[in-house]
Amino acid sequence: MTTSTSAYTDITLQIIKALEEGRQPWNPEWTESAAPLSLPRRWTGESYQGINVLMLWLAAAERGFRSSRWFTYRQARKVGGQVRRGERSTRVVYFETRTRLNDEDEEIHHRILKRYAVFNADQIDNLPPEFQSDDSSGVSTGNRGDIDRMIVQTGANITERQGESDAYYLVSADRVVVPHRDSFDPVEQFYGVLMHELVHWTGNRNRLGRLSRDDTDKDYAFEELVAEIGACFVCSSLGVAPDLRNSAAYIKNWAIRLKADHRMIFRAAGAAQKAADYLLAKMIPASRADRRGRDRPTVATLEPGYLDRVSAAPRPGQGKPASIPPWLQPRPSHSQAAYLNRH
């Protein structure tokens, strides 16, 4: 019988193996098709969350699955499908809450990690058409103007700077700074960069509370992992590709940290999911149809020239390397490189 502890270990070791091979489980071969790989969904169309997204993306990349739909064996049978003989399942997890009494007869609640097997729609014959179609994109953005309006809906203070080569979030000013979109080629890369910084923005103490301007010893590598995964979740939901070229500096460090803490990736994926949910809850209403089913985007009040300034810029690292932790106020005595060398 698989214990909760061994489940954490098994999953973490899969993530470590991918990282040591130079692959990010949250970036499963995005460039193989015109659109990013969709968020994995249950047979009902409901999205998977957190660590399960990473595990299913990793399985899809390793085994060439293109469908985003996943079924248990019984669920496939229920809709008339049949898992092909010899197909290997993928394991996903859920948490089961258990209650016990302590010596003082007080109820103690704790969560147990459980696993179960699922199959991709590509492994199943005779599925009805409605379960074969890959319609998992949560938002149809249509064009860059739609995404720009969604970004405005967040209320984030965003500055695009001509000549800037780095993107970062300043906790002290509660401001996201990115290179001007005109410096990106293709321009769509701007959105992947911006979503990464907006995930950092969600960590402000007035929002999700991961970051504080007083956190001089903040775990930068963990926050970068949250931002990296969260940006992929958001980008996939919006139908744009994330930009992960700057993550190479962290991959070795992440692998070392995961070996020492087999629950770190679960915490990071959970925090990333919360950040993505926070952003999407603000962004999605800007493009959804009204109750009569007509497309009627909500257009927020824009700062003059905003849409002209904020349509696409280069990934941090395309210019000079970042010399400061991007989500804190600059501190000349402490650089990102120093942090990585010290750990």
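**Reading the labels in a predicted fold**

Me: Which residues is threonine 159 in contact with, leaving aside its neighbours within four places in sequence?
Reply: Threonine 159 is in contact with Arg175, Val176, Val177 and Val178. Contact here means heavy atoms within 4.5 Å. Please keep in mind that this is a predicted model.

Me: Where is threonine 159 found, and what stands opposite?
Reply: Threonine 159 is found in strand S7, and valine 177 in S9 stands opposite. Another of its contacts, arginine 175, is 16 residues away in sequence, while the two C-alpha atoms are 7.4 Å apart in space.

Me: Why does threonine 159 count as buried?
Reply: Its relative accessibility is 17%, and the buried class covers values under 20%. Threonine 159 therefore counts as buried.

Me: What makes S7 and S9 paired strands?
Reply: Pairing asks for at least two bridges. S7 and strand S9 (residues 175–179) are joined by four bridges, so they pair, and they run parallel.

Me: Why are S7 and S8 said to stand at the edges?
Reply: The three strands make an open sheet with mixed pairing, in the order S7-S9-S8. Strand S7 (158–161) and strand S8 (168–170) have a single partner strand each, so one side of each has no neighbour in the sheet. From one strand to the next, the twist averages 25°.

Me: Which helix packs on the sheet?
Reply: Helix H6 (residues 189–202) does, touching S7, S8 and S9. The direction of H6 makes about 160° with that of S9.

Me: Now to helix pairs. Why are H2 and H7 called roughly perpendicular?
Reply: The axes of helix H2 (residues 51–63) and helix H7 (residues 220–238) cross at roughly 75° and come within 11 Å. Angles from 65 to 115 degrees count as roughly perpendicular, so the label fits H2 and H7.

Me: Which residues meet there, and how many of them are nonpolar, polar or charged?
Reply: From H2 come Val53, Leu54 and Trp57, and they meet Ile229, Cys232, Phe233 and Ser236 in H7. By class, this contact has six nonpolar residues, one polar and no charged ones.

Me: What about valine 234, and why does this residue count as buried?
Reply: Valine 234 lies in helix H7. Its relative accessibility is 0%, set against a limit of under 20%, so valine 234 counts as buried. Beyond its neighbours within four places in sequence, valine 234 is in contact with Met195, Ala276, Leu279 and Leu280. The C-alpha atoms of valine 234 and aspartate 277 are 8.1 Å apart, with their positions 43 residues apart in sequence.

Me: How many aromatic pairs are there?
Reply: The count comes to eleven, for ring centres within 6.5 Å.

Me: What makes tyrosine 8 and phenylalanine 266 an edge-to-face pair?
Reply: Their centres are 4.6 Å apart and the planes make 70°. That puts the distance within 6.5 Å and the angle over 60 degrees, so the pair is edge-to-face. Tyrosine 8 belongs to helix H1 (residues 4–20) and phenylalanine 266 to helix H9 (residues 264–283), so the pair ties together parts 258 residues apart in sequence. Both tyrosine 8 and phenylalanine 266 are buried.

Me: How do you know that phenylalanine 71 and phenylalanine 131 form an aromatic pair?
Reply: The centre-to-centre distance is 6.1 Å, which meets the 6.5 Å limit, and the 70° between the planes makes the pair edge-to-face. Phenylalanine 71 lies in strand S2 (residues 69–71) and phenylalanine 131 in helix H4 (residues 129–132), so parts 60 residues apart in sequence are tied together. At 0% relative accessibility, phenylalanine 71 counts as buried; phenylalanine 131, at 14%, is buried too.

Me: Which residues form one aromatic cluster?
Reply: Trp26, Tyr250 and Trp254 do.

Me: Why do S2 and S5 count as paired?
Reply: S2 and strand S5 (residues 107–120) are joined by two bridges, and at least two are needed, so they pair; they run antiparallel. Tryptophan 70 stands opposite asparagine 120 in S5.

Me: How many bridges does S5 have with S4?
Reply: Twelve, in the antiparallel sense, with strand S4 covering residues 90–101. One bridge partner of note is arginine 115 in S5, for valine 93. Five residues lie between the strands of this hairpin, where aspartate 105 takes a positive phi near 60°.

Note on methods: Residues numbered from 1 in each chain as written. Predicted model: local features only at pLDDT ≥ 70, side-chain atom pairs only at ≥ 80, totals over all residues. Heavy atoms only, no water. Axes fitted to C-alpha atoms, helices over the stretch in contact; angles between N-to-C directions. Buried < 20%, exposed > 50% of the residue type's maximum accessible area, 1.4 Å probe, protein only. Parallel < 35°, antiparallel > 145°, perpendicular 65-115°, else oblique. Nonpolar A, V, L, I, M, F, W, Y, C, P; charged D, E, K, R; others polar. Phe/Tyr/Trp six-rings, centres within 6.5 Å; stacked < 30°, edge-to-face > 60°.
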